[in-house]
Amino acid sequence: MEFDNSYAYVEDGFEYGAGFEYFIMDNASIELKYNRLDTKMPLYTKTLTPNNPVPAGTQLNAGDDKGAINYILADYTYYFGSSSQKALPFFGAGAGVAILESPQSGNGTYFAWEIKAGVKVKTNSPLSINLHAYLQSMSAAVGYDYYWDYYYGPLAVTDYASIFQFGLGASLSYDFSK
């Protein structure tokens, strides 16, 4: 995330969670899920100015950079093929909220979205496994930049910071209808 005088990283971490998927038709489902990523979020200075006497590249939150992102998403997933197949490719997308637990700033709730693609491998038992790749994102308003317009004078424009997170995952599914 880029700010005016600093920048931050969301480092790698292990994401885990749980969800409930309901098939609205033979090859389409809706899902409500919760995922959590525990990680480190170091914050660094960007420039050396009279108002910011810390040298550029200095970590401002050393030793206090642990945080987490909690996703609560509603997804739609489409499975290609028929339900009698053992391997079903799928594509899905969803939207919801992300609750950011930042190291020093407390919690904030922001808009989040996700896209995913993968394959569901069925077994003869009620268990199946989903192997997938996903891209999750959250966006947060972080302040304002000001511009001078010839007709209107000073204008404030909201700045946004976004996190894009790519991952590979696997999930176990249990079919209650079997």
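## An all-strand chain

Start with the overall layout: the protein chain has 9 strands and 0 helices. If you walk along from the N terminus, the elements go β-β-β-β-β-β-β-β-β. Keep in mind that what you're looking at is a predicted model.

How much of the chain is tucked away? Of its 178 residues, 30% count as buried. The accessible surface of the protein chain adds up to about 11,000 Å², and carbon and sulfur atoms account for 61% of that. Now look at who touches whom: take the contacts between residues at least 6 apart in sequence, and 58% of them join residues at least 24 apart.

## The nonpolar core

Here's a bit of background: in soluble globular proteins, nonpolar side chains tend to be buried together. Which residues make up the largest nonpolar core here? There are 10 in all: Leu-37, Met-41, Ile-69, Tyr-71, Leu-73, Ala-98, Leu-100, Ala-112, Met-138 and Ile-163.

Two strands to look for are S5 and S6, each of which supplies at least two residues of this core. The largest share comes from S5, with 3 residues.

## Rings that pair up

The structure holds 7 aromatic pairs. One of them brings together Tyr-79 and Phe-90, with ring centres 5.5 Å apart and planes at 55°. Why is this pair called tilted? Planes under 30 degrees apart would be stacked and planes over 60 would be edge-to-face, so at 55° the Tyr-79 and Phe-90 pair is tilted.

Tyr-79 sits in strand S5 (residues 66–79) and Phe-90 in strand S6 (residues 87–102), so this pair ties together parts that are 11 residues apart in sequence. Are these two residues buried or exposed? Tyr-79 and Phe-90 are both buried. They also have company, since ring pairs link Phe-23, Tyr-79 and Phe-90 into a cluster.

For another kind of geometry, find Tyr-174 and Phe-176, an edge-to-face pair with 5.0 Å from centre to centre and 65° between the planes. Tyr-174 is partly exposed, with 46% relative accessibility. Phe-176 reaches 72% relative accessibility and counts as exposed, because the cut-off for exposed is over 50%.

## Charged partners

How many salt bridges are there? The count comes to 6. In one of them, Lys-116 partners with Glu-31, and their closest N and O atoms are 3.0 Å apart. This pair links distant parts of the chain, with Lys-116 in strand S7 (residues 106–122) and Glu-31 in strand S3 (residues 28–40), 85 residues apart. You might like to check how covered these charged residues are: Lys-116 has a relative accessible area of 9% and Glu-31 has 16%. Both count as buried, because buried means under 20%.

Next, find Arg-36, which takes part in two salt bridges. With Asp-38, the closest N and O atoms are 2.9 Å apart; with Glu-101, they are 3.1 Å apart. The pair of Arg-36 and Glu-101 also links distant parts of the chain, as Arg-36 is in strand S3 and Glu-101 is in strand S6, 65 residues apart. Arg-36 counts as buried at 18% relative accessibility, whereas Asp-38 at 32% and Glu-101 at 24% are partly exposed. Salt bridges that share partners also join Glu-31, Lys-33, Asp-75, Glu-114 and Lys-116 into one network.

## A nonpolar patch on the surface

Nonpolar residues turn up on the outside of this model too. A nonpolar surface patch of about 1,000 Å² is made by Phe-20, Tyr-22, Ile-24, Met-25, Ile-30, Tyr-76, Tyr-78, Phe-80, Phe-91 and Ile-115.

Which strand gives the most to the nonpolar patch? That's S2, with 4 residues. Strand S2 (14–25) and S5 each supply at least two residues of the patch, and S5 also contributes to the core described above. For a single example, pick out Ile-24, which has its place in strand S2. Ile-24 counts as partly exposed, with 45% relative accessibility.

Methods: Residues numbered from 1 in each chain as written. Predicted model: local features only at pLDDT ≥ 70, side-chain atom pairs only at ≥ 80, totals over all residues. Heavy atoms only, no water. Phe/Tyr/Trp six-rings, centres within 6.5 Å; stacked < 30°, edge-to-face > 60°. Buried < 20%, exposed > 50% of the residue type's maximum accessible area, 1.4 Å probe, protein only. Contact = heavy atoms within 4.5 Å. Areas by Shrake-Rupley, 256 points an atom, 1.4 Å probe, with all protein chains shown as cover. Salt bridge = Lys/Arg side-chain N within 4 Å of Asp/Glu carboxyl O. Core = buried A, V, L, I, M, F, W, Y, C linked by side-chain atoms within 4.5 Å. Patch = residues over 30% accessible without salt bridge, like charges linked within 9 Å, V, L, I, M, F, W, Y side chains within 5 Å.
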